[in-house]
Amino acid sequence: MHEFDMIGVAGIMGLSFLLMMSLIMLAVFAFWIWALVDILKNEFTGSNKLIWLLAVIMVPMLGMILYWFIGREQKIRGIDV
């Protein structure tokens, strides 16, 4: 009976881990989509838009992080009237 309890605990822990990893993957995917949409809907100087698109698509994790810290500052700001 003790072995059955350990299998149940391991199963619950495995399911919890799977759920946690699924939520993390969903968050990363949502952040990736946000980065792509943000790049596409904004204007950049020169060929920066193409460079950021390629960076986010080719190396997703590094591209998203770099875009978050560097790329967002390179957007051309609209003039408010």
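A charge is taken to sit over a ring if NZ of Lys or CZ of Arg is within 6 Å of the ring centre and within 35 degrees of the ring normal. In this predicted model, arginine 72 and tryptophan 68 form such an arrangement. The charged end of arginine 72 lies 3.9 Å from the centre of the tryptophan 68 ring. Tryptophan 68 also belongs to a cluster of rings, described below.

The overall fold is helical. The chain contains 3 helices and 0 strands. Its pattern along the sequence is α-α-α. The chain has 81 residues, and 17% of them are buried. Contacts between residues at least 6 apart in sequence were also examined. Of these, 52% join residues at least 24 apart.

The largest nonpolar core comprises 9 residues. Its members are Ala35, Leu36, Ile39, Phe44, Trp52, Leu53, Val56, Met64 and Tyr67. Three helices contribute: helix 1 (2-41), helix 2 (48-58) and helix 3 (60-69) each supply at least two residues of this core. In soluble globular proteins, nonpolar side chains tend to be buried together. One core member, methionine 64, was followed further. Neighbours within four places in sequence were left aside. Methionine 64 is then in contact with Val28, Phe31, Trp32, Ala35, Val56 and Val59. Of these partners, Ala35 and Val56 are listed in the core as well.

Helix 3 has two contrasting sides. Its buried residues are Gly63, Met64 and Tyr67. These residues fall on the same side of helix 3, because they cover an arc of only 100 degrees around the axis. Leu62 and Phe69 are exposed on the other side. Two of the buried residues of helix 3, Met64 and Tyr67, are also members of the largest nonpolar core.

Aromatic contacts were then searched across the whole structure. The search returned 7 aromatic pairs. A pair of aromatic rings is described by the distance of the centres and the angle of the planes. For tryptophan 34 and tyrosine 67, the ring centres are 6.1 Å apart. Their planes meet at 55 degrees, so the pair is tilted. This pair links distant parts of the chain. Tryptophan 34 is in helix 1 and tyrosine 67 in helix 3, 33 residues apart. The accessibility of each partner was also computed. Tryptophan 34 counts as partly exposed because its relative accessibility is 31%. Tyrosine 67 has a relative accessible area of 0%, so it is buried.

Tyrosine 67 also pairs with phenylalanine 44. Here the ring centres are 6.4 Å apart, and the planes are at 55 degrees, so this pair too is tilted. It likewise joins distant parts of the chain. Phenylalanine 44 lies in the loop between helix 1 and helix 2, 23 residues from tyrosine 67 in helix 3. Both phenylalanine 44 and tyrosine 67 are buried. Ring pairs join Phe31, Trp34, Phe44, Trp52, Tyr67 and Trp68 into a cluster.

The loop between helix 1 and helix 2 also holds asparagine 42. Asparagine 42 has a relative accessible area of 18%, and buried means under 20%, so this residue counts as buried. Its side chain reaches the backbone oxygen of aspartate 38 at 2.7 Å. With neighbours within four places in sequence left aside, asparagine 42 is in contact with Lys49 and Lys75.

Methods:
Residues are numbered from 1 along each chain as its sequence is written. This is a predicted model: local features need pLDDT of at least 70, side-chain atom pairs count only at pLDDT 80 or more; totals for chains, interfaces and linings use all residues. Side-chain values use heavy atoms; hydrogens and water are left out. A nonpolar core is a set of buried Ala, Val, Leu, Ile, Met, Phe, Trp, Tyr and Cys residues joined through side-chain atoms within 4.5 Å. Buried means under 20% relative accessible area, exposed over 50%, partly exposed in between (1.4 Å probe, protein chains only). Helices (H or I, at least four residues) and strands (E, at least two) are DSSP runs, numbered from the N terminus. Contact means heavy atoms within 4.5 Å. A polar contact is a pair of N or O atoms within 3.5 Å; within protein, one must be able to donate a hydrogen and the other to accept it, and residues adjacent in sequence count only if both atoms are side-chain atoms. The arc is that of the directions from the helix axis to the C-beta atoms. Rings of Phe, Tyr and Trp (its six-membered ring) pair if their centres lie within 6.5 Å; planes under 30 degrees apart count as stacked, over 60 as edge-to-face and the rest as tilted.
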